[in-house]
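Q: Got a minute to go through this chain with me? I'd like the overall picture, then some single residues.
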Amino acid sequence: MVPVIATAERIQPSDRLLDKPIMYGHIKPLNPVKKKTLMRLANTSIATLGDNGPYGLIEQATVVIDNHVIRWVGPETELPVEFANHETTDLEGRLITPAFIDCHTHIVHGGHRAVEFEMRLEGASYEEVARAGGGIVSTMRSTRAASVDDLVAAALPRVDTLLAEGVSMLEIKSGYGLDQDTELNMLRAARRIANERPVRVKTSFLGAHSLPPEYKNRADAYLSDVCLPALTQAHNESLVDAVDGFCEGIAFTPEQIARVFDHAKTLGLAVKLHAEQLSHLGGTALACQYNALSADHLEYANAEDAKLMAQSGTIAVLLPGAFYTLRETQKPPIEAFRQHGVPIALATDCNPGSSPVTSLLLTMNMACTLFRMTPAEALAGVTRNAARALGVSDSGNIAVGQRADLAVWNVEHPAELAYRVGLNPLHQRYFAGT
């Protein structure tokens, strides 16, 4: 029987991989695990996220890791002779899944908005919060006041929390600076995180996130003066992997986002979009015109949007943490996505205002409970489909040739990962075979 309750040491498995002490207090860092050239993980069940059933589940399985990639995976009884005598780790019946991928975060930012959260619960309106200095302007001011070192130091505890739940890759957006220097500093901080921790980081330039006060009612001027030049400079410094925007009545119109996407296209950068979160403005259709990697939020998307996404290969990234925090009632069109074969990814949307969430396990449960997704869909959403939302092809499933980014869980069945709330059953995390 696999133990469900992990020890305190096992609850924070990523500590074994950290060369530097992590930043939250009660966890004691352990020595890094030494990398083996060829090793076998045996006596396990493996959710490959392949095509054989909803989880791609293989019982009584083994996986062979050679350096940083998967060399073989399958039933123990079919193990090739050439791997039989290599060093073996007995996982005692535990479950292996691909390591998790958080494909939509704003995890680099200054300050917090806990007081704003409190004000809203006490009855303050959005306008009253804004007049008191809250909202995105509050985060903008705190982020502008922070150095790159400050931004990295503030983000690392949040990153560590994700790693401790089996995350091996995360996307990090800019978008809280809203001036050229700070937007670039946010991206520099995001790049630094990949050097500070064993995690892959994909960056997204989100200069078209909101208008700073100095450009109130002058969105086109902001794009010309700040956003597009900052994007060019970020590209010149190799700081950006994709370009994002917020297409909404309180942010930018489809026509204005098209300007940003046209510029991204000239730079050879992929695009993605915050779309249809608060209204149906046409952002999803715009994203599909540009063959966007993903359209995100999508509460107000419809069946026609789903059809366009299927045609363009655009992934639907759902963010139940924001839906929960904002107490929304309009749900994304899950059934339309299913009917049209649109892959659904999930992410924390970790940000200081609308989704202060740093748990993909909780996100999976929210997606099942609030959006009626299945546990199998939720697991695919934080692995295989999350990788596709980032344009990554070497992670997200367990197959020969893929990176050995794996999570080992103290559970008997994959559905337990979305079922439990408040328990982290991670036993170990493998990052590129380590």
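What follows is a short exchange about the chain as a whole and then about selected residues.

Q: What kind of model is it, and how are residues numbered?
A: It is a predicted model, where local features need pLDDT of at least 70, side-chain atom pairs count only at pLDDT 80 or more, and totals for chains, interfaces and linings use all residues. Residues are numbered from 1 along each chain as its sequence is written, and side-chain values use heavy atoms, with hydrogens and water left out.

Q: How many helices and strands are there in the chain?
A: The chain has 16 helices and 15 strands. Both are DSSP runs numbered from the N terminus: helices are H or I with at least four residues, strands are E with at least two.

Q: What is the radius of gyration of the chain?
A: The chain has 21 Å, which agrees with a value near 22 Å for a compact globule of 434 residues. That radius is taken over C-alpha atoms, and the globule rule is 2.2 Å times the number of residues to the power 0.38. The C-alpha trace spans about 70 × 45 × 45 Å along its principal axes.

Q: And what share of the residues is buried?
A: Buried residues are 57% of the 434. Buried means under 20% relative accessible area, exposed over 50%, and partly exposed in between, with a 1.4 Å probe and protein chains only.

Q: What about the surface and the charges?
A: About 17200 Å² is exposed by the chain, with carbon and sulfur atoms supplying 51% of it. The areas come from the Shrake-Rupley method with a 1.4 Å probe; for residues, only the protein chains shown count as cover. There are 38 positive and 49 negative side chains, and the centres of the two sets lie 3 Å apart. Lys and Arg count as positive, Asp and Glu as negative, while His and the chain ends are not counted. Each charge is placed at NZ of Lys, CZ of Arg, CG of Asp or CD of Glu.

Q: What part of the contacts comes from residues 24 or more positions apart?
A: Such pairs account for 70% of the contacts in the chain with a separation of 6 or more. Contact means heavy atoms within 4.5 Å.

Q: Switching to helix 4. Which residues are buried there?
A: Helix 4 runs over residues 136-144, and Ile136, Ser138, Thr139, Met140 and Thr143 are buried in it. Their cover includes helix 5 (148-163) and helix 6 (180-196).

Q: Where is Pro157, and is it buried or partly exposed?
A: Pro157 lies in helix 5. At 24% relative accessibility, Pro157 counts as partly exposed. Pro157 and Thr358 are 201 residues apart along the chain, with 9.7 Å between their C-alpha atoms.

Q: Any unusual backbone angles?
A: Most residues other than glycine have a negative phi. Leu49 has a positive phi, near 60°, and Leu178 has a positive phi of about 60°. Leu49 is in the loop between strand 1 (38-47) and strand 2 (57-66); Leu178 is in the loop between strand 7 (167-173) and helix 6. Leu49 counts as buried at 2% relative accessibility, and Leu178 is buried with a relative accessible area of 2%.

Q: Next, Asn410. What does its side chain join?
A: The side chains of Asn410 and Arg94 are joined by a polar contact of 2.5 Å. A polar contact is a pair of N or O atoms within 3.5 Å; within protein, one must be able to donate a hydrogen and the other to accept it, and residues adjacent in sequence count only if both atoms are side-chain atoms. Asn410 sits in the loop between strand 14 (406-409) and helix 16 (416-419), and is buried because its relative accessible area is 1%.

Q: And Thr363, where is that found?
A: Thr363 is found in helix 13, residues 360-371. Its side chain reaches the backbone oxygen of Ser359 at 2.8 Å. Thr363 is buried, with a relative accessible area of 0%. Leaving aside neighbours within four places in sequence, Thr363 is in contact with Pro320, Leu346, Ala347, Thr348 and Val357.

Q: Last one: why does Cys247 count as buried?
A: Cys247 counts as buried because its relative accessibility is 0%. Cys247 lies in strand 9, residues 242-247. Its contacts beyond four places in sequence include Phe252, Leu273, His274 and Leu281.
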